[in-house]
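Reader: I'd like a close look at one part of this model: the disulfide. Could you walk me through how it is built and where it sits, and then point out a few other local details?

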Amino acid sequence: QVQLVESGGGLVQAGGSLQLSCVASRSIFSTNALVAWYRQPPGKQRELVAAMTSGGNTKYADSVKGRFTISRDNTKNLVYLQMNSVQIEDTAVYYCAAGRTYGLGWNFKIDDWGQGTQVTVSS
């Protein structure tokens with residue numbers, strides 16, 4: 001079990017930037033590990049925003065590709081989500097998640113979730 005705590009959420013104007021952080025209670029970057037950011041807009045289902053494998057491969061939702069970047073700091077057990085050119089539609093509760101990959105491609109399972117941090121984009 002890994003405890004995950006998100007921070008960095010808040011109110012930001014459309015077109016602005018925001019960086020979310022997630023600190024883990026222990027290393028989450030071992031072999032076959034995966035870290036990810038999900039979000040849940042009001043009244044909608046939770047969706048994958050970005051993910052990173054232990055090898056550094058990344059995957060992004062089409063809606064955020066080119067605007068958001070997932071990164072990590074292995075020595076500090078930190079995961080970041082840099083959000084640039086934010087839009088009203090980016091308003092959601094953002095969750096940090098950790099799991100593992102299986103085999104080839106993007107087969108993975110999430111084992112642990114953070115409690116979420118609210119991001120609100122205003123016009």
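Author: Let's start with the term: a disulfide here is a pair of cysteine sulfur atoms within 2.5 Å. Keep in mind that this is a predicted model. The structure holds one such bond, and it joins cysteine 22 to cysteine 96, with an S to S distance of 2.1 Å. That value falls within the 2.5 Å cut-off.

Now look along the S-S bond of cysteine 22 and cysteine 96: the torsion about it is about -80 degrees, so this disulfide is left-handed. As for what it links, cysteine 22 lies in strand β3 (residues 18–24) and cysteine 96 in strand β9 (residues 92–101), so the pair ties together parts that are 74 residues apart in sequence. Buried or exposed, these two cysteines? Cysteine 22 is buried, and cysteine 96 is buried too.

Strands β3 and β9 also help you place two backbone details. Asparagine 32 sits in the loop between β3 and β4 (33–40); its phi is near 70 degrees, a positive value in a residue other than glycine. Asparagine 32 is partly exposed, with a relative accessible area of 42%. Then there's serine 85, in the loop between β8 (78–83) and β9. Serine 85 isn't a glycine either, yet has a positive phi of about 50 degrees, and with a relative accessible area of 41% it is partly exposed.

One last stop, away from the backbone: arginine 46 lies over the face of tryptophan 113, at 3.8 Å from the ring centre.

Technical notes. Residues are numbered from 1 along each chain as its sequence is written. This is a predicted model: local features need pLDDT of at least 70, side-chain atom pairs count only at pLDDT 80 or more; totals for chains, interfaces and linings use all residues. Side-chain values use heavy atoms; hydrogens and water are left out. Helices (H or I, at least four residues) and strands (E, at least two) are DSSP runs, numbered from the N terminus. Buried means under 20% relative accessible area, exposed over 50%, partly exposed in between (1.4 Å probe, protein chains only). A charge sits over a ring if NZ of Lys or CZ of Arg is within 6 Å of the ring centre and within 35 degrees of the ring normal.
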